[in-house]
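Please look over the sequence and the model below. The report that follows concerns contacts between protein and DNA.

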There are 2 protein chains.
Amino acid sequence: MDLADESGIESVTMRGLARRLGVEAASLYNHVAGKGDVLDGMVDVVVAAIDVPSGGVEWKEAMRRRAVSARGVFARHPWAAGLIDSRERSGSAGLSYADRVLGVLLAAGFPPRVAANAFMALDSYILGFERQRANLSLSDEAGTTDAARETLAAVPPGAFPSLVRVAEEYAAEPYDDEATFAFGLSLLLDGLQRLLEAAPG
Amino acid sequence: MDLADESGIESVTMRGLARRLGVEAASLYNHVAGKGDVLDGMVDVVVAAIDVPSGGVEWKEAMRRRAVSARGVFARHPWAAGLIDSRERSGSAGLSYADRVLGVLLAAGFPPRVAANAFMALDSYILGFERQRANLSLSDEAGTTDAARETLAAVPPGAFPSLVRVAEEYAAEPYDDEATFAFGLSLLLDGLQRLLEAAPG
DNA sequence: ACCTGAACACCGTTCAAGT
DNA sequence: ACCTGAACACCGTTCAAGT
């Protein structure tokens, strides 16, 4: 994980990892089944680091904090979101995470199937948003006005009028990642709350 | 793309692609800058295939159809979602796609910044859902009751009670991918509509 | 203008040989 | 029990040499 943080996930090779550990690549196979095993281990650690408040916190607040916690993890480990959704779920950390999230939703009164759907919707959004952010290069907000201006300059005149209109907005005032993330999250959470109120218990 | 459809994205190597074309790997470099160029091209084609209704369709219906179209593309090309969010946006297909989606939202009356937030939220969800689905192996609904039963059998007794409760539900009646996707999508779309009604024009 | 063969600097993984 | 060197079957990419 240190190696990935410092040099990027693409530098996590069996040979590179071995070098960093002062050992030969072949030696790693005495401790690990293969590269997939290493990556799954990283996913496990990272998922375990997402915390889900459970006792005495209202479900909506708990889900919001879980999202914030996940985003903190992604900020510390830029490779995490991509790795999580490039590997099939397996580790026990994933099971525990799912259990805690579902626990909050069931306790709030959502029927099991609705809780599962809500879990899927929230996680799709949280992970999807991070991936989107990463490959739109929206990482540093300071640079977004410049990026918007560059986009405007690059677009052929007359083409993509709607895109241009939106880009002008961001050329004037920078993109706010926090606010954009909160926008979608609130749509989901408010919708879930309405559902709960419509059919309580 | 045929190669990826038939043998998986991991079989799309410069050497493998060349073999399929009856040519040497080195020859490809006369037509393409490198492997990244090939992958970006695939993303471009795939994004261009997502259609966004524009004329005479209500915005909500247009966004729903766009989601359905995207899911159709992902069904035809299982590697597409993963590839899209592993590469930085660049191609003109992406710009055009963004322009069309933003066009629908602006025409519906959303202010530019809200339209951008809505676009981000919807796309995060659509892509995120697909990635989630792919690595939870929820591809074939027929197998989901078995999968749920296996999960139940594998979980240590007494552990993960909430997860067990939900899994029992799916062991009894299979997971419905369509319905689950629609659940989250409706939360977002209904929330957006409420926003629009609260501050019209 | 395009193709090829050969090479370079990498991968992940295996396995006999060492200690 | 763990490590190593060497090998195998791959990668992406470059480049001189061909046509």
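A polar contact is a pair of N or O atoms within 3.5 Å; within protein, one atom must be able to donate a hydrogen and the other to accept it, and residues adjacent in sequence count only if both atoms are side-chain atoms. Lys35(A) has such a pair, with a backbone N or O atom 2.8 Å from a phosphate oxygen of DNA strand C.

This is a predicted model, in which local features need pLDDT of at least 70 and side-chain atom pairs count only at pLDDT 80 or more, while totals for chains, interfaces and linings use all residues. Residues are numbered from 1 along each chain as its sequence is written, chains are lettered from A and ligands numbered from 1 in the order in which they are written, and side-chain values use heavy atoms, with hydrogens and water left out.

A residue is near a strand if one of its heavy atoms lies within 4 Å of it. DNA strand C is surrounded by 14 residues, of which Met14(A), Arg15(A), Tyr29(A), Lys35(A) and His31(B) are the closest. Around DNA strand D there are also 14 residues, and His31(A), Met14(B), Arg15(B), Tyr29(B) and Lys35(B) come nearest.

Sugar or phosphate accounts for 50% of the atoms of DNA strand C within 4 Å of the protein; for DNA strand D the share is 52%. In both cases the rest belong to bases.

Further contacts to phosphate oxygens are listed here.

| Residue and atom | Strand | Distance |
|---|---|---|
| Met14(A), backbone N or O | DNA strand C | 2.8 Å |
| Ser27(B), side-chain N or O | DNA strand C | 3.0 Å |
| Met14(B), backbone N or O | DNA strand D | 2.8 Å |
| Tyr29(B), side-chain N or O | DNA strand D | 2.6 Å |
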